[in-house]
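Got your viewer ready? Load the model, switch on a cartoon view, and keep the selection box handy.

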Amino acid sequence: MATISLLVSVALVAASCGSDGGGDTASEETQAVDEGSVVTTGGDTETDASSDTAGATSIVIAIADEPSTLDPQATEDGNERAVTDNIYETLLRRNSETNELEPLLATDLPTQVDDTTWEFTLREGISFTNGEPFDAEAAAYSINRVMDPEYSSAQVDFYGGITGAEAVDATTLRVLTSDLDPVFPARMYRLKMVPPVASAEAAFTENPVGTGPYTMVEWKRGEEVVLTANPDYWGEAPAVTDARIRFIPQSGTRVAGLQTGEIQLATLIPPEQASDSPKTLSREGIEFPVYRLKNYEGILQDPRVRQAMNYAVDKDAIADDLFSGFATVATCQPLTPAHFGYNPDLEAYPYDPDRARALLEEAGYDGEPVSLLGATGRWLKDTEMHEVVIAYLTDVGFNIEPDIRPFSSYIEEFVKTVGDVQPDVGFVSASNELFDASKIESYYLSTGGLSSFVNDDVDAALDAARADPDPASREASFHEALSFGCLDDPVFIFTVNLQDIYGAVEELNWEPRSDGSLYIPEMSLG
């Protein structure tokens, strides 16, 4: 095992020499922007968010990349959300301490009129910053816009079977679904409300207009977005009055800015650089790096072969050495205890290479090639993870044929479904902002979606959970599916659950959120 331990150490050193030790976890979509161009809104085009005026507090936040757009409904882009979470609002939000859903633009959680109809009551007297009223008509427009096939939002899968929305009166909104959807309230905490008139204009992608606590002063392409507090905000005024969100790809530069005090908060700090920040903040994240396993054909049809893969990988070493302790060993499921459906009875596969070799011998494995698809430069330490996992698998006797690609060509292969030519093993860092097992399981455990896994028992359990209005029986169905996909018929090589790591100055008062949002009203200095 000395060779593999050395490989983990080498991967760690290599990561510390790069910009981010892998890719950042934010955006799957990019679009060309003009370096140095400036987009301004409102009347002030020269606001200096680093200077204090009487009673003002300013902050600089460094993120790893530039937003691809500032239309909050267009893409799945964490860089865009870093900005628009502070400009736009949703009907519901998650409590920063408990993670429970609570009303925001709605007055309460939605009521269920019948199996496929939900009703919200909205707050009165709220306007978008361009003067358009926020009412049930605007809310219905926002929902219908994101679900419109012609708009082609990358977020549409998150909102499940919503078929439409309608205004009953100025403050009553009804949302229709194709089937019973017990997760519907959780879906709505992500769907941002947009103004009907302004969002129909081509310039909306770079001129955000929301109801939230901040407005955009300017977008300096390739450099930063400048925000200032919304003077007409309907809620409590934030402590931070001005904010710059700067785009700094190099993690070392972000850390250096923290050390000099030029930056107050930085995201995506690599584990090996965390101790270089004046203050390190971390929280269990919602990214779960796993290796999807094909169980319906080829050498991996035998579950013993897939069990051997899980026994072969030393997950504690990956957590402690590759991620410097900023990760926890996955308990045989791509969920945390904060996710509905998490099965507390499941345990992690122990590292047992001898057991792995014995299982391969029982299964009659004789060195047949096993294809492994991976991405490089997309997720934190993805390249180093592949090197280490392949070394562990090779050590117990697997003949791995790696196919490690840039994300743009990797994703073309990964999205192939059952019935296409799929790799035996495919890496993905699966995220679950829904905080419900249905998000991961519908993608990777059920036949269809992004799965390479076919199991009638799992499909039956997931079908039972999908439209079950009873939380207890729904949770039991998820537990059953997860149990099958862990030991009986492994769906993944399970690795670790990653923590989100932030660097900050000592003066920053803020606790990272479980959903990863950089919500500036929760920050203060002092």
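What follows is a short walk from the whole chain to two single residues and then a helix pair.

Before you click, note that this is a predicted model, with local features needing pLDDT of at least 70, side-chain atom pairs counting only at pLDDT 80 or more, and totals for chains, interfaces and linings using all residues. Residues are numbered from 1 along each chain as its sequence is written, and side-chain values use heavy atoms, leaving out hydrogens and water.

**The whole protein.** Colour by secondary structure and you'll find 14 helices and 22 strands; these are DSSP runs numbered from the N terminus, with helices being H or I over at least four residues and strands E over at least two. Of the 526 residues, 55% are buried (under 20% relative accessible area, with exposed over 50% and partly exposed in between; 1.4 Å probe, protein chains only). Show the surface next: the accessible area is about 20,200 Å², and carbon and sulfur atoms account for 47% of that (Shrake-Rupley method, 1.4 Å probe; for residues, only the protein chains shown count as cover). Of the contacts (heavy atoms within 4.5 Å) between residues at least 6 apart in sequence, 72% link residues at least 24 apart.

**Select H386.** You land in helix α10, residues 382-395. Its relative accessibility is 2%, so H386 counts as buried. Which residues does H386 contact, leaving aside neighbours within four places in sequence? Show Y291, G374, A375, I404 and F427 as sticks. Zoom in on Y291: its side chain makes a polar contact with the H386 side chain at 2.8 Å (a pair of N or O atoms within 3.5 Å; within protein, one must be able to donate a hydrogen and the other to accept it, and residues adjacent in sequence count only if both atoms are side-chain atoms. Now try G374, 12 residues from H386 in sequence, with the C-alpha atoms 7.1 Å apart).

**Jump to N230.** This one sits in the loop between β10 (224-229) and β11 (242-247). Buried or exposed? N230 is buried, at 9% relative accessible area. Not counting residues up to four places away in sequence, N230 touches T129, T211, G212, P213, Y214 and T215.

**Finish at α13 and α14.** Select 456-466 for α13 and 471-488 for α14: the axes come within 8 Å and cross at roughly 160 degrees (lines fitted to C-alpha atoms, for helices over the stretch in contact, with angles from 0 to 180 degrees between N-to-C directions). The residues of α13 that meet α14 include D457, V458 and L462, while those on the α14 side include R474, F478 and F484.
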